[in-house]
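Work through the exercises below with the sequence and coordinates open. Each task is followed by a solution in steps.

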Amino acid sequence: MRLAAIDLDGTLLRSDGTISQRSRDAIRAVREKGIVVVIVTARGPSNIAELAHAAGIEGKAICSNGALIVDLATGSIVRERLLETELAVRIVEGVRERLPGVLFAVEHARFAHEPGFSAWDWTPPPDTRVADAVELLGDPAAKLLMLHKEHEIDAILEVAREIAGDGATVVLSGDQAVEVTAVGVNKAAGLAELAGELGIDASEVIAFGDYPNDVPMLAWAGRGVAVANAHAEVLAVADEVTASNDDDGVALVLETL
């Protein structure tokens, strides 16, 4: 293995959002052996540098489910695959018609949201832009997020996929919001591009994940590892299963490298 691609939430991060000392030690050890370690996350770029620093990871990170690649040293976006504005607006209007009361958020370099949008027990910064989704989509968007307090997440996913059709990628990255990116955008595509720049083949990549948005990445990598707490779809495609995120599952495998 020459590259380790690691998801954050539910995989490297423990349930309380922290990174264990054992995980930090394992990441440092594989990096000292020359293995590249890359964060591949659904999160936007706003706090990725801070998390990477806490984990002892440098270089580039793949954010927004593969839509953005970020230089961790500068925080700048070095590559982006953006949603087509007209399509994104059509998805917003279509989902609103089918699921009145749905709430949206938009992500690029920064996060913005509609009034009332709240998820992940996270409070956005005080200067976060708050406006109607159609207005927010007037600026470039890497990802569109949606949630509804009265509908199951799978029902929202089904409606969003039906309206988006083949024009966008619609996935679950967690149990609170449905996420939409440009067609062809996923973690595998972003990782394949970054690995190609480094001259690393898929067979030389080990990938760790826990949720359906990680499925393409685990299927693409030469060695796909699911944590024990992973979604059934991830467990089905993984080459192996390690311990849970709260039991240092990623570190246990990295130590064997």
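**Exercise 1. The open sheet**

Task: In this predicted model, give the strand order of the 5-stranded open sheet and the sense of its pairing. Then state which strands stand at the edges.

Solution.
Step 1. The order is β7-β6-β8-β10-β9, and the pairing is antiparallel.
Step 2. The edge positions belong to β7 (111-113) and β9 (168-172). Each has a single partner strand, so one side of each lacks a neighbour in the sheet.
Step 3. From one strand to the next, the twist averages 25°.
Step 4. At the β7 edge, β6 (residues 103-107) is joined to β7 by 3 bridges, and the two strands run antiparallel. Within this pair, A105 has H113 of β7 as its bridge partner.

**Exercise 2. Helices on the sheet**

Task: For helix α4, find which strands of the sheet are touched and what angle its direction makes with that of β8. Do the corresponding for helix α6, using β9 as the reference strand.

Solution.
Step 1. Helix α4 (residues 85-98) packs on the sheet and touches β6, β8 (143-147), β9 and β10 (178-182). The direction of α4 makes about 5° with that of β8.
Step 2. Helix α6 (residues 153-164) also packs on the sheet, with β8, β9 and β10 as the strands touched. The direction of α6 makes about 175° with that of β9.

**Exercise 3. The α4 and α6 pair**

Task: Classify the packing of α4 against α6 by angle, and list the residues that make the contact.

Solution.
Step 1. The angle between α4 and α6 is about 135°, and their axes lie 9 Å apart.
Step 2. That angle makes α4 oblique to α6.
Step 3. The crossing of the two helices is right-handed.
Step 4. On the α4 side the contact is made by R90, I91, G94, V95 and R98; on the α6 side, by V159, A160, E162, I163 and A164.
Step 5. By type, the residues of the α4 contact with α6 are 6 nonpolar, 1 polar and 3 charged.

**Exercise 4. The α2 and α10 pair**

Task: Repeat the analysis for helices α2 and α10, starting from their angle and the distance between their axes.

Solution.
Step 1. Helix α2 (residues 21-32) packs with helix α10 (residues 249-256) at about 30°, the axes being 9 Å apart.
Step 2. The two helices are therefore roughly parallel to each other, since angles under 35 degrees count as such.
Step 3. The crossing of α2 past α10 is left-handed.
Step 4. R22, S23, A26, I27 and V30 of α2 meet A251, L252, L254 and E255 of α10. The residues of this contact comprise 6 nonpolar, 1 polar and 2 charged.

**Exercise 5. Two hairpins sharing β4**

Task: Describe the pairing of β4 with β3 and with β5, and find which residue takes a positive phi in each hairpin.

Solution.
Step 1. β3 (residues 60-63) and β4 (residues 68-71) pair antiparallel over 4 bridges, with A61 opposite V70 of β4.
Step 2. That hairpin has 4 residues between its strands, and S64 takes a positive phi near 50°.
Step 3. β4 pairs with β5 (residues 77-80) over 3 bridges, again antiparallel. The bridge partner of V70 in β5 is I77.
Step 4. Here 5 residues lie between the strands, and the positive phi, near 80°, belongs to G75.

**Exercise 6. The whole chain**

Task: Compare the radius of gyration of the chain with the value from the globule rule.

Solution.
Step 1. The chain has 10 helices and 13 strands.
Step 2. Its radius of gyration is 18 Å, close to the 18 Å that the globule rule gives for 257 residues, so the chain is as compact as a globular protein of that length.
Step 3. The C-alpha trace spans about 50 × 35 × 35 Å along its principal axes.

How values were computed:
Residues numbered from 1 in each chain as written. Predicted model: local features only at pLDDT ≥ 70, side-chain atom pairs only at ≥ 80, totals over all residues. Heavy atoms only, no water. Axes fitted to C-alpha atoms, helices over the stretch in contact; angles between N-to-C directions. Parallel < 35°, antiparallel > 145°, perpendicular 65-115°, else oblique. Left-handed = near helix turned anticlockwise from the far one by under 90°. Contact = heavy atoms within 4.5 Å. Nonpolar A, V, L, I, M, F, W, Y, C, P; charged D, E, K, R; others polar. Pairing = 2+ DSSP bridges. Rg over C-alpha atoms; globule rule 2.2 N^0.38 Å.
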